[in-house]
Protein chains: 2
Amino acid sequence: MDSKKRKRLEAAGWTFGNAEDFLGMSPEEASYLEVKLTLAREVEAQRKKAGLSQSDLAAKLKTRQPNIARLEKAQQNVTIDALFKTLLVLGLSPRKIAAVL
Amino acid sequence: MDSKKRKRLEAAGWTFGNAEDFLGMSPEEASYLEVKLTLAREVEAQRKKAGLSQSDLAAKLKTRQPNIARLEKAQQNVTIDALFKTLLVLGLSPRKIAAVL
DNA sequence: ACTGGGCATATCCGATATGATATATATTCA
DNA sequence: TGAATATATATCATATCGGATATGCCCAGT
């Protein structure tokens, strides 16, 4: 959710917590969800840092822009392959990937 | 491959290198493959450290032993969910998971 | 040798991740 | 404001992941 939308909803009386609060998730569930989101955000951050558009990155990975968008949005589960191939092609070492966890 | 089998094959004249040597993989390909294998091995290591059989761990995850075997063998790709749920249920924090990368 | 426990393999199936195209929305800038 | 670029969403096809059952192999203990 973007901050603009969030502010509108808050103004309308909504409040916000994390997924654990909201859904009554177990700590493990919340934790792996956080991991997934963290890594997805890292893709976006590194892509922008490299000055690449989603289309540019898609080309490097021989795929298409919408697939990159999905990855960054973490709208669904992701395979290790897809995620790490992406992060590695952005020039991140496994060690640097680990650093964001 | 277990070491016993490997020794037999070596005795029969086979030699061994890593996947990058053998398949002519790109550094990225080799790297994410290593990551995948590292994490798979970590599942096995942590499971044994906890004194659990594959069946025990499967029960904790409400699944079956063969699925754990597949995960540890890394015979196929794995989703972030499956992998991290498993590692987290073994008591590993994201930080500790990162430490093995 | 027999048995039981632990792990691996084969196979089927339902669920879903990935990839593609088309299109919508958002952002930037002249 | 309009055009160009960037990102998001919708939808479909295909590939494959995760779960299940059945079964085989190996080893340890009896």
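A residue is counted as near a molecule or strand if one of its heavy atoms lies within 4 Å of it. The model is predicted, with local features requiring pLDDT of at least 70 and side-chain atom pairs counted only at pLDDT 80 or more, while totals for chains, interfaces and linings use all residues. Residues are numbered from 1 along each chain as its sequence is written, chains are lettered from A and ligands numbered from 1 in the order in which they are written, and side-chain values use heavy atoms, with hydrogens and water left out.

**View 1. Protein surface around DNA strand C.** DNA strand C is surrounded by 19 residues, of which A:R70, A:T79, B:Q54, B:Q65 and B:Q75 come nearest. Sugar or phosphate accounts for 59% of the atoms of DNA strand C within 4 Å of the protein, and bases for the rest. This surface has five nonpolar, nine polar and five charged residues (Ala, Val, Leu, Ile, Met, Phe, Trp, Tyr, Cys and Pro count as nonpolar, Asp, Glu, Lys and Arg as charged, and the others, Gly among them, as polar).

**View 2. Polar side chains at DNA strand C.** Polar contacts are pairs of N or O atoms within 3.5 Å; within protein, one must be able to donate a hydrogen and the other to accept it, and residues adjacent in sequence count only if both atoms are side-chain atoms. A polar side-chain atom of A:R70 lies 2.5 Å from a base nitrogen of DNA strand C, and one of A:N67 lies 3.4 Å from a base nitrogen of the strand. In chain B, an N or O atom in the side chain of B:R47 is 3.0 Å from a phosphate oxygen of DNA strand C. The elements giving two or more residues to the surface near the strand are α5 (65-73) of chain A and α5 (65-73) of chain B (helices are DSSP runs of H or I, at least four residues, numbered from the N terminus). The largest share, five residues, comes from α5(B).

**View 3. Interface between chain A and chain B.** The contact (heavy atoms within 4.5 Å) takes 18 residues from chain A and 18 residues from chain B. The copies meet through the same surface, because 100% of the interface residues of chain A are also interface residues in chain B.

**View 4. Salt bridge between A:K36 and B:D81.** The closest N and O atoms of A:K36 and B:D81 are 3.5 Å apart. Two salt bridges are counted between the chains (a side-chain nitrogen of Lys or Arg within 4 Å of a carboxyl oxygen of Asp or Glu).
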